[in-house]
Amino acid sequence: MADVQLQKINKCFGSVEVIPSLDLDIPEGSFTVLVGPSGCGKSTLLRIIAGLEQPSAGQVIIGGRDVTRDEPCERGISMVFQSYALYPHMTVAQNIDFGLRLAKVPAAEREKRVSEAARILHLEQLLDRKPAALSGGQRQRVAIGRSIVREPKVFLFDEPLSNLDASLRTQMRVELAQLHEQFTATMVYVTHDQVEAMTLADQIVVMNAGRIEQVGPPMELYEKPRSEFVATFIGSPK
Ligand code: ADP
Ligand code: MG
């Protein structure tokens with residue numbers, strides 16, 4: 001587990017400034033949810049934390065260490081995307097194991113981690129299947145399994161459930177909450193779904209045009225929105 005601090009993050013793509021100057025503390029072990037309209041910079045911010053994108057200025061601190069110039073693989077983070085590319089020719093078990101094999105984790109340890117992930121994600125009966133024989137929700141669980149086994153200090157999720165139908169989303173929401181409890185990991189989760197934000201978060205960050213409008217626990221934002229924008233976004237009457 002580790003906390004994440006963003007200090008004076010600025011991001012430009014060419015001449016377009018998408019994040020002017022952003023400060024954010026993500027406490028260790030928190031479930032922090034980023035919400036905001038499409039194009040406000042949520043994915044960019046996650047990618048900056050992950051190291052998939054360099055900030056134009058500012059620092060990324062993970063667990064007290066400045067990782068701004070570190071490679072993604074050196075940061076102790078793991079990212080789950082909306083479109084989860086599983087290897088079609090590999091079984092579920094092989095897909096989950098793949099990153100560990102690359103990292104040369106010893107076989108006995110790999111086996112232990114894969115079966116633990118399968119237990120948590122209810123994939124035990126599916127370990128020998130190929131991705132084509134799985135439902136959308138099961139595939140997304142495999143993608144999450146791949147993250148879990150690497151035992152990251154910080155999990156990043158970019159709208160991981162948005163391709164799933166409503167009932168599956170509800171089910172996965174419950175599972176993600178359980179996952180957070182079992183792993184006591186720091187989670188940073190992007191969604192545009194207010195229900196997901198309200199039920200999963202212990203801290204919600206409302207973003208608008210590359211800026212933070214308000215940060216706080218769900219009920220605080222709901223009951224005391226600081227602006228019309230937050231009230232509208234969180235869904236409370238102001
Ligand atoms: P969100 O995830 O909140 O929908 P993004 O972080 O994807 O928003 O995008 C924020 C802004 O940055 C958008 O205006 C988007 O067009 C722009 N943007 C994102 N990535 C790039 C890129 N690689 N090159 C140029 N512009 C980009
Ligand atoms: Mg996005």
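**Sheets, helices and a ligand shell**

Modeller: By class, the residues around ligand 1 divide into three nonpolar, six polar and one charged. Please keep in mind that this is a predicted model.

Biologist: Good to know! Which residues surround ligand 1?

Modeller: The shell consists of Phe 13, Val 18, Gly 36, Ser 38, Gly 39, Cys 40, Gly 41, Lys 42, Ser 43 and Thr 44. Phe, Val and Cys count as nonpolar and Lys as charged, while Gly is among the polar ones. That is how the shell comes to three nonpolar, six polar and one charged residues.

Biologist: And which element gives the largest share of that shell?

Modeller: H1 does, with three residues. This helix covers residues 42-50 and lies across S1, S2 and S4, running at about 120 degrees to S1.

Biologist: What makes that angle oblique or roughly perpendicular?

Modeller: The range for roughly perpendicular is 65 to 115 degrees, and roughly antiparallel needs over 145. H1 runs at about 120 degrees to S1, so the angle falls among the oblique ones.

Biologist: Now the sheet beneath those names. What is the order of its four strands?

Modeller: The order is S2-S1-S4-S5, in an open sheet with antiparallel pairing.

Biologist: How do you know which strands are its edge strands?

Modeller: Each edge strand pairs on one side only, and that describes S2 (16-26) and S5 (65-66).

Biologist: How do you know that S4 and S5 pair?

Modeller: Pairing takes at least two bridges. S4 and S5 have two, in the antiparallel sense, so the pair qualifies. In this pair, Ile 62 stands opposite Arg 65. The strands form a hairpin with two residues between them, and Gly 63 in the turn has a positive phi of about 55 degrees.

Biologist: How many bridges do the other pairs have?

Modeller: S1 (residues 4-13) and S2 are joined by seven bridges, one partnership being Val 4 with Ile 26. Between S1 and S4 there are five, and there Leu 6 has Val 60 as its bridge partner.

Biologist: Let's turn to the six-stranded sheet. Why is one side of S6 and of S10 left without a neighbour?

Modeller: The order is S6-S7-S8-S3-S9-S10, with mixed pairing. S6 (77-80) and S10 (211-216) stand at the edges and have a single partner strand each, so one side of each has no neighbour in the sheet. On average, neighbouring strands here are turned by 15 degrees against each other, direction ignored. Among the pairs, S7 (residues 154-158) and S8 (residues 186-190) run parallel and share five bridges, with Leu 156 opposite Val 188.

Biologist: What makes H4 and H5 roughly parallel?

Modeller: H4 (residues 136-148) and H5 (residues 166-183) pack at about 30 degrees, with axes 10 Å apart. Angles under 35 degrees count as roughly parallel, and therefore these two helices are roughly parallel to each other. Gly 136, Gly 137 and Gln 140 of H4 make the contact with Leu 168, Gln 171 and Met 172 of H5. That contact has two nonpolar, four polar and no charged residues.

Biologist: And at what angle do H2 and H4 cross?

Modeller: Roughly 30 degrees, with the axes of H2 (residues 92-102) and H4 coming within 7 Å. The limit for roughly parallel is under 35 degrees, so this pair earns that label too. Val 92, Asn 95, Ile 96, Phe 98 and Gly 99 in H2 meet Val 142, Gly 145 and Arg 146 in H4. By class, this contact has four nonpolar, three polar and one charged residues.

Technical notes. Residues numbered from 1 in each chain as written. Chains lettered and ligands numbered in written order. Predicted model: local features only at pLDDT ≥ 70, side-chain atom pairs only at ≥ 80, totals over all residues. Contact = placed C-beta atoms within 7 Å. Axes fitted to C-alpha atoms, helices over the stretch in contact; angles between N-to-C directions. Near = placed C-beta within 6 Å.
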